[in-house]
Amino acid sequence: MKKIATILLLLLVTSMFLTSCKKVDDLNTVNFDATFSGDVDCTTAGGGKSSLNNPVFGGSVEIVPTDDPNVNIYLSNIKNYEIESVKATITSMSQENVTIISADLNIHNFQHDAIWTFQNELLTTGKTITFGNDNGQWDTVHDILMDGQEFTIIITGEADFSGVTFTVKVDIETKVEANII
């Protein structure tokens, strides 16, 4: 009977110890939201409606993750980025109702590329396009962010009108988990 009581007491002490270690670990972790945003300025080639070829456009913006003050503080202690959304919003256009025939959004660093292709999108100021994780792109964006280096957002494509200028704001919304020490 004493042997069983001793074993139960040891199990109780062990479980209390393991539980308290987890709580200490939780106290050493901080969670915060971080959104990485950039404005991509694009202009379709040419000066009017083209009957021969679709006018092409392209633009890029460099994102510096450490511009976010929390990421800057915890950069070397970040354990995880959970991607919550990737979206592009048209913030300005020189001409409304331009159709994107085909385009690519590429989030790129020295080692990884997350690419989304979209087609036949009618653009108007204020329109938001949300990009999913259909081909594991969010996993790649996670890897890009975990590298802790600057990265580039690139948009290229073709439209139905030439000479149109528009700005696309790309937002990568994340939840970040980092060790305090």
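These are my notebook entries on one sheet and the helix that lies across it.

Entry 1, the model. I am working from a predicted model.

Entry 2, strand order. I looked up how the strands are arranged. Four of them form an open sheet, in the order β2-β7-β4-β5, and the pairing is antiparallel. I then asked which strands stand at the edges. They are β2 (56-63) and β5 (113-123). Each has a single partner strand, so one side of each is left without a neighbour in the sheet. From one strand to the next, the twist averages 15 degrees.

Entry 3, β2 with β7. I went through the pairs, starting at the β2 edge. Strand β7 covers residues 151-159 and pairs with β2 over eight bridges, in the antiparallel sense. Here I found serine 60 opposite isoleucine 154 of β7.

Entry 4, β7 with β4. I moved to the next pair in the order. β4 and β7 are also antiparallel, with eight bridges between them. I looked up alanine 103 and found that its bridge partner in β7 is glycine 157.

Entry 5, β4 with β5. How many bridges join β4 to β5? I noted 10, with the two strands running antiparallel. Serine 102 faces glutamine 119 of β5 across this pair. I also checked the connection: a hairpin of four residues leads from β4 to β5.

Entry 6, the helix. I looked up which strands helix α3 lies across. Helix α3 is made up of residues 137-147 and lies across β4 (98-108), β5 and β7. Relative to β5, helix α3 runs at about 125 degrees.

Notes:
Residues are numbered from 1 along each chain as its sequence is written. This is a predicted model: local features need pLDDT of at least 70, side-chain atom pairs count only at pLDDT 80 or more; totals for chains, interfaces and linings use all residues. Side-chain values use heavy atoms; hydrogens and water are left out. Two strands pair if DSSP finds at least two bridges between them. Axes are lines fitted to C-alpha atoms, for helices over the stretch in contact, and angles run from 0 to 180 degrees between N-to-C directions. Contact means heavy atoms within 4.5 Å.
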